[in-house]
Amino acid sequence: MTKKLFIKTWGCQMNVYDSARMADVLAPLGYQPVDEPDGADMVILNTCHIREKAAEKVFSELGRLRQMKDRKAEAEDGRMILAVAGCVAQAEGEEIVARAPFVDMVFGPQTYHTLPEMVAKASRAAGSVLNTDFPAESKFDLLPEESGAQGVTAFLAVQEGCDKFCTFCVVPYTRGAEFSRPAGQILAEAKRLVAGGTREITLLGQNVNAWHGDGPDGKSWGLGRLIRELAEIDGLERIRYTTSHPRDMADDLIRAHAEVPQLMPYLHLPVQAGSDRILAAMNRKHSADDYRRLVDRLRAAKPDLAMSGDFIVGFPGESDADFAQTLKLVTDIGYAQAYSFKYSSRPGTPASVEGSQLPEEVKEARLEALRQLLDAQQIAFNHGFVGRSVPVLFDRVGRRDGQLLGRSPWMQSVHAEANERLLGRIVEVRVDAARANSLAGTVVTGEHTTAFPFQPAVTLEASA
Ligand code: 5AD
Ligand code: SF4
């Protein structure tokens with residue numbers, strides 16, 4: 001008998017990947033994904049702990065779900081198994097069990113391969129099953145093969161966890177130590193994805209460019225080498241990877257940007273701040289100029305590389321002068337797109353006990369100023385494409401009839417009127433209009449005329 005499974009996912013792409021894998025683990029038990037929680041036999045909240053109010057959001061969602069669970073029981077329609085997974089479960093598992101005893105399972109990101117046992121336990125007994133271990137075995141060795149086709153674009157987790165211990169960040173505590181999956185396992189998963197119709201793979205990891213492993217040739221591989229090998233897979237047209245740390249940008253990975261045509265010209269490379277004092281307090285282990293030099297080298301390898309990043313404003317002790325350095329760095333680099341956040345104190349992290357926490361209004365004002373600058377850069381970047389033609393991999397139908405959606409190599413979302421048979425194909429689209437977050441275009445046939453319009457600002461003279 002099939003049972004209905006609803007998974008709600010918060011947070012990063014790794015969580016999206018994990019949710020899909022949880023569904024794979026549960027499929028042999030008869031669970032099939034559904035689009036809404038009401039009436040479901042199992043509801044999993046796959047949570048994120050990286051920024052504020054994560055736990056509150058989970059508790060308010062649990063309040064709603066509890067009513068659905070009760071309704072289902074009253075209607076004698078079986079039991080709704082309620083689960084909290086992900087990083088909030090890892091960080092606050094015991095509190096969840098104490099505050100919401102109607103939750104049946106609470107488990108962290110490293111244990112979901114044991115879901116069948118947890119479900120069996122939860123079905124037998126009242127009370128919550130809590131599993132926030134960091135087991136010695138790797139879940140990747142024990143997960144079933146992913147279920148068939150994942151879509152035109154797919155995520156593939158190659159690395160997980162983090163040993164960097166930035167002083168603001170919970171990831172080293174919730175995801176655990178850095179771990180790289182073996183190359184053979186990754187290549188096999190990639191081949192299965194491509195055989196199932198996937199044309200673009202995004203390699204995932206909290207510190208994806210720290211990936212390393214022994215290749216089938218017996219040599220030690222880094223991410224650049226892995227990407228070269230993936231590029232040999234027939235039918236895999238595009239490769240991306242996220243998220244990277246500046247310290248792990250190896251020469252071979254930079255060269256791969258120059259040499260591997262399938263590797264897309266877009267890089268998410270968080271810097272967090274532009275002041276060396278703040279970068280040191282964040283334990284980033286690089287300076288602002290290290291980052292500038294790195295981006296120069298990347299652009300020397302791949303002149304049309306579109307840069308993306310993450311920024312935190314209002315880190316404890318950040319002065320106006322420090323913040324001005326962040327704006328300066330953004331101006332120097334020229335981002336195609338970026339994420340910016342107000343510093344949020346996370347329990348258990350070193351920065352949370354700093355005495356010099358900043359007032360909310362200061363954080364708010366800095367965030368607003370930074371966003372204005374980043375938005376202006378993004379709009380300028382997108383406007384530079386109007387009138388040009390870009391290769392778009394269509395991966396979804398649009399909201400409007402007859403419209404398809406896809407991405408340019410530079411990660412811009414592009415929509416155009418197009419026949420559904422173009423789904424999964426890379427098609428030349430002439431850009432007619434640019435908005436902050438997307439491009440609108442017309443499918444063209446004929447020659448590829450993409451020229452990169454964006455002139456990155458000149459950075460360090462010394463490194464030119
Ligand atoms: N406060 C604000 N932003 C944070 N991030 C991580 N931890 C915090 C925090 N405590 C941001 C960083 C990171 C991104 C995923 O989330 O910019 O790169
Ligand atoms: Fe967090 Fe820093 Fe690790 Fe990124 S590198 S996951 S910000 S600790």
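This passage looks first at the protein as a whole and then at one of its strands, β15.

The structure is a predicted model, and it contains 13 helices and 21 strands. Its radius of gyration is 23 Å, close to the 23 Å that the globule rule gives for 464 residues, so the protein is as compact as a globular protein of that length. Along the principal axes, the C-alpha atoms occupy a box of roughly 70 × 60 × 50 Å. Of the 464 residues, 54% are buried. Among contacts with a separation of 6 or more, 72% join residues 24 or more positions apart. The protein exposes about 20100 Å², of which 51% comes from carbon and sulfur atoms.

A good place to begin a closer look is strand β15, which spans residues 306–313. Eight of its eight residues are buried, that is, under 20% relative accessible area, so the strand is largely enclosed by the rest of the structure. In a regular strand, side chains alternate between the two faces of the sheet. For β15, both faces are covered: Ala306, Ser308, Asp310 and Ile312 are buried on one side, and Met307, Gly309, Phe311 and Val313 are buried on the other.

The pairing partners of β15 come next. Strand β14 (residues 266–268) pairs with β15 in the parallel sense over three bridges, and here leucine 267 has methionine 307 as its bridge partner. Strand β16 (residues 337–342) also pairs with β15 in the parallel sense, over six bridges; in this pairing, valine 313 stands opposite lysine 342. Helix α12 (residues 320–333) joins β15 and β16 in a right-handed β-α-β unit.

Notes:
Residues are numbered from 1 along each chain as its sequence is written. Chains are lettered from A and ligands numbered from 1 in the order in which they are written. This is a predicted model: local features need pLDDT of at least 70, side-chain atom pairs count only at pLDDT 80 or more; totals for chains, interfaces and linings use all residues. Side-chain values use heavy atoms; hydrogens and water are left out. Buried means under 20% relative accessible area, exposed over 50%, partly exposed in between (1.4 Å probe, protein chains only). Helices (H or I, at least four residues) and strands (E, at least two) are DSSP runs, numbered from the N terminus. Two strands pair if DSSP finds at least two bridges between them. A crossover is right-handed if, with the strands pointing away from the viewer, the path from the first strand over the helix to the second runs clockwise. The radius of gyration is taken over C-alpha atoms; the globule rule is 2.2 Å times the number of residues to the power 0.38. Contact means heavy atoms within 4.5 Å. Accessible areas come from the Shrake-Rupley method with a 1.4 Å probe; for residues, only the protein chains shown count as cover.
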